[in-house]
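Trainee: Could we go through this one term by term? I'd like to see how each label is earned.

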Amino acid sequence: MMGIDADPSCVRTLAEQLRRIPEINCVVLLLGRFNLLAMGLFTNIEQLDHLVKTQIRNLPGVQRVETAISVHNLKYEAGVARIMPKSEPAADLAPGGAPLANSKSKRSTRKRRVSV
C-alpha cells in the first residue's frame, strides 16, 4: 500500500496516472493523512521500491510517498462494498458480481456496488 501526499490541484490527474500503472490494482482518493491510496501486489520489496522511486515519485504533484506492507490479512471482503466506476449502474450483487436472487429493487439493503 502506498499513501501519497500530493498537491491538491493535481490529485485527480495523479489518480488517473496511477490507475494506468499495471502493477497498481487499486487507487482511492482520500480525506485525511494522504490524498491518495494506491495498492498493488508485489513479489518482493525491491519491486515496490523500484516502482515508487522510478515511476510514482516522478509524477508531477507528488510530494511524498509512504509505503506500508501487509504481512497478514485478518479479514477482507471485496463483496461488502464493491467499488465500481461511475459509468456502471449500481445493482444488487452476490459475491463475484452476479445479481442476487429475490432482488426487488436497486434500493435493497443487500450488498450493492458503490460508485466512486
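Mentor: Sure, let's start with a pair of residues: L29 has L36 in β3 as its bridge partner. Keep in mind that this is a predicted model, where local features need pLDDT of at least 70, side-chain atom pairs count only at pLDDT 80 or more, and totals for chains, interfaces and linings use all residues. Residues are numbered from 1 along each chain as its sequence is written, and side-chain values use heavy atoms, with hydrogens and water left out.

Trainee: What makes β2 and β3 a pair of strands?

Mentor: Strands are DSSP runs of E, at least two residues long, numbered from the N terminus; helices are H or I runs of at least four. Two strands pair if DSSP finds at least two bridges between them. β2 and β3 have five, in the antiparallel sense, so they pass by that rule. V28, for instance, stands opposite L37 in β3. Their hairpin has six residues between the strands, and G32 takes a positive phi near 130° there.

Trainee: Why are β2 and β4 said to stand at the edges?

Mentor: The open sheet has four strands in the order β2-β3-β1-β4, with antiparallel pairing. β2 and β4 each have a single partner strand, so one side of each lacks a neighbour in the sheet.

Trainee: What makes the contact between D5 and R64 a salt bridge?

Mentor: The term asks for a side-chain nitrogen of Lys or Arg within 4 Å of a carboxyl oxygen of Asp or Glu. Here the N to O distance is 2.8 Å, so the pair qualifies. D5 is in strand β1 and R64 in strand β4, 59 residues apart. The count by this rule is six salt bridges.

Trainee: How do you know that N35 makes a polar contact with A6?

Mentor: A polar contact is a pair of N or O atoms within 3.5 Å; within protein, one must be able to donate a hydrogen and the other to accept it, and residues adjacent in sequence count only if both atoms are side-chain atoms. The backbone nitrogen of A6 lies 2.7 Å from a polar atom of the N35 side chain, so the distance fits. N35 itself lies in the loop between β2 (24-29) and β3 (36-40).

Trainee: And which residues does N35 touch, leaving out those up to four places away in sequence?

Mentor: Taking contact as heavy atoms within 4.5 Å, N35 touches I4, D5, A6, V11, V28, L29 and L30.
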